[in-house]
Amino acid sequence: VGAKLMPYNEPPREVRITSSDAPVDGYVIAALTGKENLAKGDIIYIDKGTRDGLEQGRLLKVLRNRGSMRDPISGKTVKLPPTEIGAVVVVEAGKRTSSAIVIKSLKTIVAGDHVAGGAEL
């Protein structure tokens, strides 16, 4: 009693992959099943939605930050570029969050991994 519920929407049976140059920069926030280590076929939730330019079918990279290290030549600390660990397609886009299916995973995907898309994809 008193719980707020959303109306039931039938999940899409088919999603057509779309492309867009609009940049998207967000994070994996959870998984549909509550699993922590995610791979191909899993449904994830991300912290970006239609107000951020996402729409159903949008292809996004999944990236993992690698931190920094000391350059052996200069001795300065340099930030390493992120490494691509997978790809997802947006299944349903809400205003602030979206659900996506993992279509490629080179390593397990976890909450906190970065999702990005745009002209560089």
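This report walks through the fold, the core and three polar residues of a predicted model.

## Overall picture

Let's start with the whole chain. The protein chain contains eight strands and zero helices, so its pattern along the sequence reads β-β-β-β-β-β-β-β. Taken along the principal axes, the C-alpha atoms fill a box of roughly 60 × 35 × 25 Å.

Of the 121 residues in the protein chain, 28% are buried. The chain exposes about 8,100 Å², and carbon and sulfur atoms supply 54% of that area. Contacts also reach across the sequence: among those between residues at least 6 apart, 64% join residues at least 24 apart.

## The barrel

Six strands form a closed barrel, in the order 1-2-7-6-3-8, and their pairing is antiparallel. From one strand to the next, the twist averages 45 degrees. As general background, strands of a sheet pair through backbone hydrogen bonds, either parallel or antiparallel.

Strand 1 is a good place to enter the barrel. On one side, strand 1 (residues 24–31) pairs with strand 8 (residues 114–117) in the antiparallel sense, over four bridges. Within this pairing, Asp 25 stands opposite Ala 116, and Tyr 27 has His 114 as its bridge partner. Strand 1 is also joined to strand 2 (residues 43–46), again antiparallel, by three bridges. Here Val 28 has Ile 46 as its bridge partner.

## Strand 2 and its two faces

Moving on around the barrel, strand 2 is linked to strand 7 by four bridges, and the two run antiparallel. In this pairing Ile 44 stands opposite Ala 100 of strand 7.

Which residues of strand 2 are buried, and which are not? The side chains alternate along the strand: Ile 44 and Ile 46 point to one face and are buried. Ile 43 and Tyr 45 point to the other face and are not buried.

## The nonpolar core

Ile 44 turns up again in the largest nonpolar core, which has 16 residues. The residues with the most contacts inside this core are Ile 44, Leu 60, Val 88 and Ile 109. Two or more core residues come from each of strand 1, strand 2, strand 3 (59–64), strand 6 (83–93) and strand 7 (98–105). In soluble globular proteins, nonpolar side chains tend to be buried together.

## Two buried polar residues

Asp 42 is found in the loop between strand 1 and strand 2. Why does Asp 42 count as buried? Its relative accessibility is 13%, and the cut-off for buried is under 20%, so Asp 42 falls on the buried side. The side chain of Asp 42 makes a polar contact with the side chain of Lys 35, at 3.1 Å. Leaving aside neighbours within four places in sequence, Asp 42 is in contact with Lys 35, Asn 37, Ala 100, Ile 101 and Val 102.

Ser 98 is found in strand 7. Ser 98 counts as buried because its relative accessibility is 2%. A polar atom of the Ser 98 side chain lies 2.8 Å from the backbone oxygen of Lys 48. Beyond its neighbours within four places in sequence, Ser 98 is in contact with several residues, including Ile 44, Tyr 45 and Ile 46. Others among its contacts are Lys 48, Gly 49, Leu 54, Val 90, Glu 92 and Ala 93.

## A partly exposed serine

Strand 7 also holds Ser 105. Is Ser 105 buried or partly exposed? At 25% relative accessibility, Ser 105 counts as partly exposed. Its side chain reaches the backbone nitrogen of Lys 40 at 3.1 Å.

Leaving aside neighbours within four places in sequence, Ser 105 is in contact with Ala 39, Lys 40, Ile 85 and Gly 86. Ser 105 and Val 62 make a pair worth finding in the viewer: they are 43 residues apart in sequence, and their C-alpha atoms are 8.5 Å apart in space.

Technical notes
Residues numbered from 1 in each chain as written. Predicted model: local features only at pLDDT ≥ 70, side-chain atom pairs only at ≥ 80, totals over all residues. Heavy atoms only, no water. Pairing = 2+ DSSP bridges. Axes fitted to C-alpha atoms, helices over the stretch in contact; angles between N-to-C directions. Core = buried A, V, L, I, M, F, W, Y, C linked by side-chain atoms within 4.5 Å. Buried < 20%, exposed > 50% of the residue type's maximum accessible area, 1.4 Å probe, protein only. Contact = heavy atoms within 4.5 Å. Areas by Shrake-Rupley, 256 points an atom, 1.4 Å probe, with all protein chains shown as cover. Polar contact = N/O pair within 3.5 Å; in protein donor to acceptor, adjacent residues only side chain to side chain.
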